[in-house]
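Q: Please take a close look at one part of this model, the place where the ligand sits, and then set that part in the context of the chain around it.

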Amino acid sequence: MLPPILSALRIPVVASPMFIVSGPELVIAQCKAGIVGSFPALNAREQDGEPPLLDAWLTRIAEELDRHNQANPDHPAAPFAVNQIVHRSNARLERDIEICHRHRVPIWITSLGARVEVNQAAHDCGGIALHDVINNVFARKAVEKGADGLIAVAAGAGGHAGPLSPFALIQEIREWFDGPLLLSGAIATGGAVLAAQAMGADLAYIGSPFIATTEANAQPDYKRMIVESGAMDIVTSSLFTGVSGNYLAPSIRAAGMDPDNLEGADPSAMNFGSNAAKAKAWSQIWGSGQGIGAVRDIVPAATRIDRLSREYAAAKAAICG
Ligand SMILES: Cc1cc2nc3c(=O)[nH]c(=O)nc-3n(C[C@H](O)[C@H](O)[C@H](O)COP(=O)(O)O)c2cc1C
């Protein structure tokens, strides 16, 4: 059973959080167009000594969605989600949890570690917690620690993808878990959203296609590269962040490395060695999932969501009659 907060969407889609790329403009556009929009809390970075930017972002999102809902009572905005990186390297976690709790963030997405306290904070302010996992073992741990729902990150996903086929992953999780289950990885069409549901997922979790939108916080060359590339241009490597991830081969080439020979490459020569420099892995070596062959233009997020919605309806009609 889906909780009410996830069941009233225009199409069963949650836009995934993307480091650097997802900010308030994109989230607001996604929610207004009827799908859950999300961003990583870490994207809201203030200068030293300034008040937390996360506070300002959450205020702005709530106010703009409120205004939209008052003007469009028949088409209210979908709820939004904030992603917390629950990893010991995230020195801001406690502070960000306090801010999200204070703003009563409705959907909390946790990645790179499951922690009871984060789920409790989400529940305490009336929210739900979804945890992303790459296999069944992590899925069980996440639910034991109090996650309400799971995001199955399958092979082909942008960012830190998993190695498993979506068919295998969803089947194994669905054998024991009947809560909200999202599928992530190379979903870029309405037909693929329906396929995720046919497999046993409740919702699709879509990232890379939203990089090629006018509201995405991505360089114009990055957006263009998404439009011009396909599955064959995606390279899987743990070289840049220490965790296996999917990247656009042309961006690796542009940074002076050979995407076909990353084994012998020396990222420290590119100043990717330190923690602070990890951000460079995302700002210069660009992440993407394998589904981008379906992305042919840079458009407003609402246009992309309209298309997904039409394709979803057409696929349903073609299969279900
Ligand atoms: C550029 C980029 C940055 C990402 N950053 C994050 C992040 O900060 N936190 C997170 O939980 N997932 C992150 N992801 C993974 C997405 O949340 C999601 O799993 C993925 O985009 C789904 O696959 P798709 O891109 O093929 O749709 C990122 C993905 C991309 C493409």
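**The ligand and its surroundings**

A: In this predicted model, 23 residues surround the ligand, and the closest are Phe19, Asn83, Ser111, Gly207 and Ser208. Two of these closest residues also supply polar atoms at short listed distances: a polar side-chain atom of Ser208 lies 2.6 Å from an oxygen atom of the ligand, while a polar backbone atom of Phe19 is 2.8 Å from a nitrogen atom of the ligand. Pro17 takes part through its backbone as well, with a polar atom placed 3.1 Å from an oxygen atom of the ligand. On its own the ligand has 590 Å² of accessible area, and the protein covers 93% of that area.

As for the chain around it, the domain assignment divides the protein into domain 1, which comprises 10-216 together with 301-320, and domain 2, which comprises 220-281. The centres of the two domains, taken over C-alpha atoms, are separated by 24 Å, and the contact draws on 15 residues from domain 1 and eleven residues from domain 2. Between them the domains bury about 900 Å², with 60% of this area on carbon and sulfur atoms. Of the area that domain 1 buries against domain 2, His160, Ile211 and Ala212 supply 46%, which is more than any other three residues.

The polar side of this interface can be described in a similar way: six residue pairs are in polar contact between domain 1 and domain 2, whereas zero salt bridges are found across the interface. Sorted by class, the side of domain 1 that touches domain 2 has eight nonpolar and seven polar residues, and no charged residues.

Terms used:
Residues numbered from 1 in each chain as written. Predicted model: local features only at pLDDT ≥ 70, side-chain atom pairs only at ≥ 80, totals over all residues. Heavy atoms only, no water. Domains from an automatic or database assignment. Contact = heavy atoms within 4.5 Å. Buried area = accessible area lost by both parts, 1.4 Å probe. Salt bridge = Lys/Arg side-chain N within 4 Å of Asp/Glu carboxyl O. Polar contact = N/O pair within 3.5 Å; in protein donor to acceptor, adjacent residues only side chain to side chain. Nonpolar A, V, L, I, M, F, W, Y, C, P; charged D, E, K, R; others polar. Near = heavy atom within 4 Å. Areas by Shrake-Rupley, 256 points an atom, 1.4 Å probe, with all protein chains shown as cover.
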